[in-house]
Amino acid sequence: MKQKQRYPAGPANIQPGERRIITIKNRSVGVFCIDGDYFALLNFCPHMAGPLCEGPVTGTVLHTDKREFIYGRDNELVRCGWHGWEFEIKTGKCTVDERMQARTYAVVEEDGELFVEM
Ligand code: FES
């Protein structure tokens, strides 16, 4: 198996709800922070190739057994700006269509700096 390489992704100061878009090996990648941990997604929406990571970072409506709308998971999803599909930042899973999956990358923090592994 091919060894993954680490690529610099800037200082570890991304705030919840924000993202940093970087380019690694000609790929646009979004780096996000959730509860102090960092995650990266390919900036490419698997629906119709929109710039996924440039959309709003948001939460979503939670599933309940009652007829009510409860907002939760704040800052854990990114909503593609083209058609509004939501994707989990941690896993890349789409909340609209479970067959859709955004590409994810591991992010490591070392001495206050972030590195994306790919
Ligand atoms: S291209 Fe992203 S939701 Fe359609």
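1. The place to start in this predicted model is a strand pair: S5 and strand S6, the latter made of residues 70-79, run antiparallel to each other and are joined over 5 bridges. One of the contacts can be named by residue, since Val57 has Val78 in S6 as its bridge partner.

2. This pair belongs to an open sheet of 3 strands, ordered S5-S6-S7, and the pairing in the sheet is antiparallel. Strand S5 (57-62) and strand S7 (86-88) each have a single partner strand and stand at the edges, so one side of each has no neighbour in the sheet. On average, and ignoring direction, neighbouring strands of this sheet are turned by 65° against each other.

3. Strand S6 also holds a backbone feature that a reader new to the structure may wish to look up. Arg73, found in strand S6, is not a glycine, yet has a positive phi of about 55°. For background, most residues other than glycine have a negative phi. Is Arg73 buried, exposed or partly exposed? Arg73 has 16 C-beta neighbours inside 10 Å, and therefore counts as partly exposed; a residue is called buried at 20 or more and exposed at 12 or fewer.

4. A second open sheet has 6 strands. Its order is S1-S9-S8-S4-S3-S2, and the pairing is antiparallel. Which strands stand at the edges? They are strand S1 (6-11) and strand S2 (19-24); each has a single partner strand, so one side of each is left without a neighbour in the sheet. From one strand to the next, the twist averages 30°.

5. Within the sheet of 6 strands, strand S3 (residues 27-34) pairs with strand S4 (residues 37-42) in the antiparallel sense, over 6 bridges. A residue-level example is Val31, whose bridge partner in S4 is Ala40.

6. The loop between S2 and S3 contains Lys25. Although Lys25 is not a glycine, its phi is positive, at about 50°. Lys25 has 8 other C-beta atoms within 10 Å, and so is exposed, the cut-off for that class being 12 or fewer.

7. To collect the two positive-phi residues in one place: Lys25 lies in the loop between S2 and S3 and is exposed, whereas Arg73 lies in strand S6 and is partly exposed.

Definitions and conventions: Residues numbered from 1 in each chain as written. Predicted model: local features only at pLDDT ≥ 70, side-chain atom pairs only at ≥ 80, totals over all residues. Pairing = 2+ DSSP bridges. Helix = DSSP H or I, 4+ residues; strand = E, 2+ residues; numbered from the N terminus. Axes fitted to C-alpha atoms, helices over the stretch in contact; angles between N-to-C directions.
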